[in-house]
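The following exercises concern one protein chain. Each begins with a task and continues with a worked solution.

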Amino acid sequence: MSRIVVKIGSSLITSDGRGLDTDAIDGWTSQIARNVGRGHRVVLVSSGAIAEGIRRLGWSRRPDALHELQAAAAMGQMGLAQAWESGFRRHDLHAAQLLFTHDDFSNRRRYLNARTSLRTLLGLGVVPIVNENDSVATDEIRLGDNDTLAGLVSNLMEADELHLLTDRNGLFTADPAHDAEARPVPRAAAGDPALDRMAGPGGMWGRGGMVTKLAAARLAARSGTATVIASGHESEVLTRLASGEEIGTRLDPDTAPLAARKRWLAGQVQVSGSLVVDDGAARVLRESGRSLLPVGVTRVEGRFARGEIVSCVDAGGREIARGLVNYGADESRSIMGRPSSSIADRLGYAHEPELIHRDNLVLVGPG
C-alpha cells in the first residue's frame, strides 16, 4: 500500500479559467477511487479556487489586489469543494477539506496536528482535499503556490510518490513551444542542477510553472518521495501512474530520507531571520553537519526569538542550512564571533553553548 499525493493545477481544473471542468473532475475522481480501492492512500491537492471565483465574479483577468484575490478565493472554494465532493460521492467515497497556510507547516505543534488529521482521515478511507487558505492568507497568495503546498504535504504524510498533473507532458530540455530541439526528460534526480535551466514561467490562471514543480519535487525528495510531472489530459493518468507506468518526467530523490524533525525543518519556506557565517563555519556545516557555534557567525539579520527558524547563509548570501535558534536576535548579536565559553559573561546566562544545535539544523543548500 503506497501513499500518494496528487496535485492538479488550475489550468486543468478550470479549463484555462473558463470555469470548473466537471467532466475532467469526474474522470480524476474515478481514477482516484480505483486507486483507493486497490489499497493506495491518496491525498489530493487541488488548485482552482481563485480561478473559479474570478469566473463567478465575471472578471476577465486575475486581479493584483490582495483583497480581491481573497474574495475570489472565498467564492471559488465553495464551487471547488462541491465539485470534488459530488464526484467522490458517486464512488461511495467520503472527502474532507483541509485548508492550510504556511503557518501550519512552520509551527511545530500545528504541523503535528495537521499530520495527525491527515493520517486519521486516510485511516478512515477518506480522501483529504487540500488547498491553501487563500481567503485569509497574506504573503501566501503572492508568494506561495500549490506545487509548494503539495511538496510540503508530501513531507507531512511521508508520501511514496507525488504526482503533479499539469497541461504539459512533463519536463523538457527547453520550452517545446519555442524550441524545435526540445526533448522530453523521462527521468532524472530531483537535485540535478541541470534541471534548473530547463524550467520556465507559469501561466495566467495558476501561479506555478516548471520552476515551482521542480522546487516541489526537491521539497518532496527530502522525505524520500519521488515526483512525477505528467499531463492531466493523458488517459487514465492517475491509475497508470499508481500502477508504475512511466509517464511524463519522474524525479527521484537523490538523498536518504531525513528524520521526521529534520524533514519538518527542511520543509520550512518562511524563516524569521538569518545568521551570516564565516568560511570556516560554512565549511563545517556543509561537510560535517555539526552545530553552529557563535564564534562562526559574522552578522545577524532580522528580528527573531529563541526557538524560531532562521537561515544560515555564507558570505555570498547562499543559504547553507536552517534550524531552530537557541538565542534571540539581540542575544545573537551580543555573542556572535565569540567562543561559547563567553556567553554567560556577555548575557548573564547561557541557554546552550550552540546558536543552533545539530539536532535542530538541516542542510538545505547545494552540496
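**Exercise 1. A salt bridge and its exposure**

Which side chain meets that of Asp104 in a salt bridge? Classify both residues by their exposure in this predicted model.

Solution.
Step 1. The side chain of Asp104 meets that of Arg110, with 2.9 Å from N to O.
Step 2. Asp104 has a relative accessible area of 13%. Buried means under 20%, so Asp104 is buried.
Step 3. Arg110 has a relative accessible area of 38%. The class between 20% and 50% is partly exposed, and Arg110 therefore belongs to it.

**Exercise 2. Salt bridges between distant parts of the chain**

Determine where in the chain the partners of the salt bridges Arg34 to Glu236 and Arg218 to Asp196 are located.

Solution.
Step 1. A search of the whole structure gives 23 salt bridges.
Step 2. In one of them, the side chains of Arg34 and Glu236 meet at 2.4 Å, N to O. Arg34 belongs to helix H2, while Glu236 lies in the loop between strand E7 (226-231) and helix H10 (237-242); the two are 202 residues apart, and the pair links distant parts of the chain.
Step 3. Arg34 is partly exposed, with a relative accessible area of 33%. Glu236 also counts as partly exposed, at 33% relative accessibility.
Step 4. The side chains of Arg218 and Asp196 meet at 2.8 Å, N to O. Arg218 is in helix H9 and Asp196 is in the loop between E6 and H9, 22 residues apart.
Step 5. Arg218 is partly exposed at 23% relative accessible area, and Asp196 is partly exposed at 42%.
Step 6. Shared partners join Glu161, Arg187, Glu246, Arg250 and Asp252 into one network of salt bridges.

**Exercise 3. The sheet and its edges**

Describe the order of the strands in the sheet, and examine strand E3.

Solution.
Step 1. The sheet is open and has 8 strands, in the order E3-E4-E2-E1-E5-E7-E8-E6; the pairing is mixed.
Step 2. Strand E3 (95-100) and strand E6 (187-189) are the edge strands, each of which pairs on one side only. From one strand to the next, the twist averages 20°.
Step 3. E3 runs parallel to strand E4 (residues 127-132), and 6 bridges join the two. Within this pairing, Ala96 is opposite Pro128, and Phe100 is opposite Glu132.
Step 4. The covered face of E3 holds Ala96, Leu98 and Phe100, whereas the uncovered face holds Ala95, Gln97 and Leu99.
Step 5. Helix H2 (residues 22-37) lies across strand E1 (3-8), strand E2 (41-46), E4 and strand E5 (161-166). The direction of H2 makes an angle of about 155° with E2.

**Exercise 4. The nonpolar cores**

Which elements give two or more residues to the largest nonpolar core?

Solution.
Step 1. In soluble globular proteins, nonpolar side chains tend to be buried together.
Step 2. The largest nonpolar core contains 46 residues, and those with the most contacts inside it are Val5, Val43, Phe105, Val130, Val153 and Leu251.
Step 3. The elements sought are E2, E3, helix H6 (108-123), helix H8 (146-157), E5, helix H9 (210-221) and helix H11 (260-266). Of these, H9 gives the most, with 7 residues.
Step 4. A second, separate core has 28 residues, including Leu20, Trp84, Val228 and Ile247.
Step 5. The surroundings of Val43 can be listed next. Among the residues that Val43 touches are Val5, Val6, Leu118, Val130, Val153 and Met157.

**Exercise 5. Helix packing**

What is the angle at which the axes of H8 and H9 cross, and how is it classified?

Solution.
Step 1. The two axes cross at roughly 10° and come within 8 Å.
Step 2. Angles under 35 degrees count as roughly parallel, so H8 is roughly parallel to H9.
Step 3. In the contact, Asp147, Thr148, Gly151, Leu152, Ser154 and Asn155 of H8 meet Thr212, Lys213, Ala216, Leu219 and Ala220 of H9.

**Exercise 6. The surroundings of helix H3**

Which residues of helix H3 are buried, and against which elements do they pack?

Solution.
Step 1. In helix H3 (residues 49-57), the buried residues are Ala49, Ile50, Ala51, Glu52, Gly53 and Ile54.
Step 2. These buried residues pack against helix H4 (66-89) and E4.
Step 3. Just after H3 comes Gly58, which takes a positive phi of about 75°.

Technical notes
Residues numbered from 1 in each chain as written. Predicted model: local features only at pLDDT ≥ 70, side-chain atom pairs only at ≥ 80, totals over all residues. Heavy atoms only, no water. Pairing = 2+ DSSP bridges. Helix = DSSP H or I, 4+ residues; strand = E, 2+ residues; numbered from the N terminus. Axes fitted to C-alpha atoms, helices over the stretch in contact; angles between N-to-C directions. Contact = heavy atoms within 4.5 Å. Core = buried A, V, L, I, M, F, W, Y, C linked by side-chain atoms within 4.5 Å. Buried < 20%, exposed > 50% of the residue type's maximum accessible area, 1.4 Å probe, protein only. Salt bridge = Lys/Arg side-chain N within 4 Å of Asp/Glu carboxyl O. Parallel < 35°, antiparallel > 145°, perpendicular 65-115°, else oblique. Lists of a residue's contacts leave out its neighbours within four places in sequence.
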